[in-house]
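I opened a new structure today and kept notes as I went. Here is what I looked up, in order.

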Amino acid sequence: MPGIDQVLAQAMGIPGVLGAGLIDWTSGLTLGTAGQAPNGDHEAAAADTAEVVQAVARNATFDTTGATAPALEDLIITAAGSYHLIRFVHTAFDSQTYLYLWLDRAQANLAVARIRLRDLAAGLVAS
């Protein structure tokens, strides 16, 4: 069962990944990082992506608290030369963390990255 550093190291092996992090979205603080960060600052990227996650989480359109609604899985943000992929880490307790990938758009395969990130999040929960 991999720990945070192992999961982030594995995330760096996904084609096109420039950087990765595990982030607490209530505080915007990183629990671990690997690789590069947009603008060279992992803490700023964590705070910025946490704001996006908080906006989605509190929006009624995406409310997943009902028994029939599925839990939020991931968010994809596209930019001119990159993708930002956020994968919620669902645990038995009220976890408010997510895995974040910054990908080079020319090198990455978004579908592959989503599948691999899903598996990494599941492995992190099992550990």
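**Notebook: sheet, helices, cores**

I started with one pair of residues: Asp24 stands opposite Thr97 in strand 5. The model is predicted, and I kept that in mind.

Next I checked the strands around that pair. Strand 1 (residues 17-24) and strand 5 (residues 97-104) run antiparallel, and seven bridges join them.

I then looked at which helices pack on the sheet. Helix 1 (residues 4-11) does, touching strand 1, strand 2 and strand 5. Its direction makes about 150° with that of strand 1. Helix 2 (residues 42-57) also packs there, touching strand 1, strand 2, strand 3, strand 4 (82-89) and strand 5. For helix 2, I noted an angle of about 125° with the direction of strand 2.

I went back for the whole sheet. It is open, has five strands in the order 2-1-5-4-3, and its pairing is antiparallel. Which strands stand at the edges? I found strand 2 (29-35) and strand 3 (74-78) there; each has a single partner strand, so one side of each is left without a neighbour in the sheet. The twist averages 15° from one strand to the next.

Last, I looked at the cores. The largest nonpolar core has 20 residues, and Leu85, Leu101 and Leu120 are among those that touch the most other members. Helix 1, strand 1, strand 4, strand 5 and helix 3 (110-126) each give two or more residues to this core. Helix 3 gives the largest share, five residues.

I followed Leu120 further. Leaving out residues up to four places away in sequence, Leu120 touches Val7, Gln10, Ala11, Ile14 and Leu99. A second, separate core has 14 residues, including Ile23, Ala50, Leu72 and Phe88.

Technical notes: Residues numbered from 1 in each chain as written. Predicted model: local features only at pLDDT ≥ 70, side-chain atom pairs only at ≥ 80, totals over all residues. Heavy atoms only, no water. Pairing = 2+ DSSP bridges. Helix = DSSP H or I, 4+ residues; strand = E, 2+ residues; numbered from the N terminus. Axes fitted to C-alpha atoms, helices over the stretch in contact; angles between N-to-C directions. Contact = heavy atoms within 4.5 Å. Core = buried A, V, L, I, M, F, W, Y, C linked by side-chain atoms within 4.5 Å. Buried < 20%, exposed > 50% of the residue type's maximum accessible area, 1.4 Å probe, protein only.
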